[in-house]
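Biologist: Please take a close look at one part of this model, the second largest pocket. I would like to know what lines the pocket and how the helices around the lining pack.

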Amino acid sequence: PVVAGDALGLRNLYLEDVEHGIVARIDSVELDGRRHVPVEAKHGHPPKEPVAWTPPGAAPGEAPLSLPVWPPDAVQLCAEGMVLNANGYPSAYGFVMYRAARRRIRVDFTPELIRATRLVAEAARAAETGPLPPPLVNSPKCLRCSLHSICLPDETNLLRGVLAETPLRRIVPSRDDGGIVYVTEPGTQVGKTGDVLEIRPREGGAVQSLPLVEVAHVAVFGNVTLTAAAVSALLSSGATIGHFSSGGYFLGLTQPFSLRNAATRRAQLDAADDRPRALQIARALMTAKILNQRTLLRRNGAAPPALDALAALAQEAQDAPDTETLLGVEGRAAHVYYGAFPTMLRDAAVADGFTLDGRNRRPPLDPVNALLSFGYAILAREFAAACVHVGLEPTIGFLHAPRPGRPSLALDLMEPYRPLVVDSVVLRILNTAQMGMKHFVRDRGSVLLTPEGRRRFLNAYEYRLAQTIRHPLFGYTISYRRAMEVEVRMLARFLDGDLPAFAPLTTR
C-alpha cells in the first residue's frame with residue numbers, strides 16, 4: 001500500500017511498463033481508497049459530444065470507441081493507468097482537467113481503451129525505426145503540436161513545392177532548446193542534487209545551481225570534473241556533454257544512447273557512399289560558405305577585387321565536377337577571404353595590435369587566429385550536438401573525409417556559419433574593444449585566451465546565436481541557433497528523400 005504525502009496524493013511519478021514498452025512521467029495521482037487515479041491537465045476545451053475514434057491497426061469493420069475526451073488525451077491517460085497497474089498501483093480510471101472549461105472529465109480504463117492504447121504504442125514503436133511520415137498541409141493541428149519543431153511541416157512543404165506562400169505560419173520558435181552551460185574554470189566540479197545541476201568552484205566559491213530541465217548541453221574545458229550522477233542525469237534528460245582541451249580544442253561529445261531515426265542514419269550512410277549525391281551536398285555547403293564570406297566582407301568594407309573573386313569562386317564551387325576540385329576551390333577562396341580579413345578591422349583595433357597575416361591554427365600564432373580557432377571549435381560542438389539530436393551520425397560527412405576523432409558532418413554543416421557567426425563575433429568584440437591584449441597569453445609559440453578572455457568571447461558568441469534574422473527561404477524571424485538545427489533537420493529530410501534539394505542558409 002502507498003500512503004499519500006498530501007491531500008492530492010502522489011506527484012511526479014516516473015514509471016515504466018516493461019511488458020508493453022511504455023514509460024510515463026505522471027504529474028499527479030490522486031488516491032481513492034486503494035485505487036490510484038491519474039489526473040492530466042490540458043489547456044483547451046473538451047469535445048462538446050462523445051468522440052468516435054478508431055485506433056491505428058484496428059481490424060477492418062471494427063466498431064469505433066466512443067470517448068468523452070479527445071482521443072490523444074484518452075490514450076495518454078490510459079497509458080498512465082497501465083503503467084500504474086504494472087507497478088502495483090491499482091488504477092481503473094482517471095481524469096482529464098480542461099482548464100479553459102474548468103471541467104474534469106472521467107475516463108474509465110475499459111478493455112477496449114486499453115487495447116487501443118496498446119495499438120497506439122505499437123504504431124509509435126514502428127514509427128521510431130522508419131522514416132518520418134509526410135507532414136500535414138496547412139493543418140491547424142500543427143500550431144499546438146509539440147513535435148512541430150521536429151516535423152517542420154510548412155518548411156518541408158514549401159521546399160517540396162506543396163506550398164508557395166511566404167512568410168510561413170509562425171509555428172517555429174526562435175529558440176526552443178534549453179540553455180548551454182560552459183564550465184571553463186580548472187578544478188570545477190559539476191554535480192547533481194535532486195533535479196538540480198550544481199557547479200562547485202575549486203576554491204570554495206558560491207555554488208551555482210541550474211534546474212536540469214533548463215540545460216540542453218554542458219561544455220567543459222580542461223580539468224573539470226563531472227560526477228557520475230551528473231552525467232547520468234544529463235543523459236537521461238536528453239542533454240549532451242561537449243569536451244574541450246584546456247586550449248579550447250573540441251575533443252568529443254558524450255551523448256544519450258538512442259535508436260531514433262535509424263532510417264535517417266541509414267540514408268546518411270547510403271548518401272555518403274553515393275558520390276554524385278555526396279557531391280551535391282558538398283557543393284551546396286561550399287557555395288553557401290563562400291557567398292556568406294563575400295557578404296561579410298561586403299558589409300564591412302573589403303575591396304571590390306576580393307568580392308569579385310569570391311563571386312567567381314562561388315560559381316566554381318557550384319559547378320565543381322568532384323570533391324577534389326571543390327576542396328581546391330575552398331582553398332583559393334580561403335586565401336582571398338583571409339587576405340581581405342584585415343580590411344574589416346577598424347584602425348583602433350589594428351593600433352592595439354590586432355591583425356591577421358593569413359590563417360594559421362594548431363597552434364594559432366596571433367590573437368585573431370586564436371579567437372577564430374576557439375570560435376570554430378565551439379561551432380563544431382554546436383553542430384555535432386545538433387546532428388545527435390536530429391539522429392544523424394556526426395562523424396560521416398560529405399565534404400570532409402571521415403577520420404578517427406573528426407566530426408566530419410559537423411564540420412561540413414558549420415562551413416556556411418563560420419562567417420555568419422564566429423567571424424562576425426570576432427569582428428564585433430575587436431572593433432568595439434571588448435577584448436584587449438591582456439586577454440591573451442603566449443605559451444611555447446602559440447597564443448591562447450585567458451579565462452577572462454574565454455568568458456568574454458563566450459558571452460559575445462551566445463549573444464550572436466540569440467540574435468534573430470529573417471530566414472531567406474521561410475520568411476519568418478529565427479535565431480541563429482534555431483536556424484542551425486532547422487538546417488540539420490532539412491538535411492535529414494533531404495537524405496530521407498522528402499526534399500528535392502538541400503539549400504544551406506545564405507544572407508544578403
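Modeller: The model is predicted. Strand E15 (250-254) and the helices H7 (275-299), H9 (323-340), H11 (367-390), H12 (408-414) and H13 (417-431) each give at least two residues to the lining of the second largest pocket. The volume of this pocket is about 1,200 Å³. Its lining consists of 38 residues, and those nearest the centre are Arg361, Arg362, Arg406, Leu411 and Arg418. Sorted by class, the lining has 19 nonpolar, 11 charged and eight polar residues.

Two of the lining helices, H11 and H13, pack against each other with their axes 10 Å apart, at an angle of about 140°. That angle makes H11 oblique to H13, and the crossing is right-handed. On the H11 side the contact is made by Val368, Leu371, Leu372, Gly375, Tyr376, Leu379 and Phe383, which meet Tyr417, Arg418, Val422, Asp423, Val426, Ile429 and Leu430 of H13. By class, the residues of this contact are 11 nonpolar, one polar and two charged. Arg418 thus appears twice: in the contact with H11 and among the residues nearest the centre of the pocket.

H11 also packs against H14 (residues 451-466), where the axes come within 11 Å and cross at roughly 50°. H11 and H14 are therefore oblique to each other, and H11 passes H14 in a right-handed crossing. Here Leu371, Phe374, Gly375, Ile378, Leu379 and Glu382 of H11 meet Arg454, Phe457, Leu458, Tyr461 and Leu465 of H14. This contact has eight nonpolar, one polar and two charged residues. Leu371, Gly375 and Leu379 of H11 take part both in the contact with H13 and in the contact with H14.

Another lining helix, H7, packs against H8 (residues 304-319), with axes that come within 8 Å and cross at roughly 170°. That makes H7 roughly antiparallel to H8. From H7, the residues Arg283, Met286, Thr287, Ile290, Leu291, Gln293, Arg294, Leu297 and Arg298 meet Leu307, Leu310, Ala311, Leu313, Ala314, Ala317, Gln318 and Asp319 of H8. The residues of the contact between H7 and H8 divide into 10 nonpolar, three polar and four charged. Among the charged residues are Arg283, Arg294 and Arg298 on the H7 side and Asp319 on the H8 side.

Note on methods. Residues are numbered from 1 along each chain as its sequence is written. This is a predicted model: local features need pLDDT of at least 70, side-chain atom pairs count only at pLDDT 80 or more; totals for chains, interfaces and linings use all residues. Side-chain values use heavy atoms; hydrogens and water are left out. On a 1 Å grid over the protein atoms alone, a cavity is a set of points where a 1.4 Å probe fits but cannot get out, and a pocket is an open set with protein on both sides within 12 Å along at least five of seven lines; lining residues have an atom within 4 Å of a point. Grid points are joined across faces, edges and corners, and a volume is the space filled by probe spheres set on the points. Helices (H or I, at least four residues) and strands (E, at least two) are DSSP runs, numbered from the N terminus. Axes are lines fitted to C-alpha atoms, for helices over the stretch in contact, and angles run from 0 to 180 degrees between N-to-C directions. Angles under 35 degrees count as roughly parallel, over 145 as roughly antiparallel, 65 to 115 as roughly perpendicular and the rest as oblique. A crossing is left-handed if the near helix is turned anticlockwise from the far one by less than a right angle, and right-handed if clockwise. Contact means heavy atoms within 4.5 Å.
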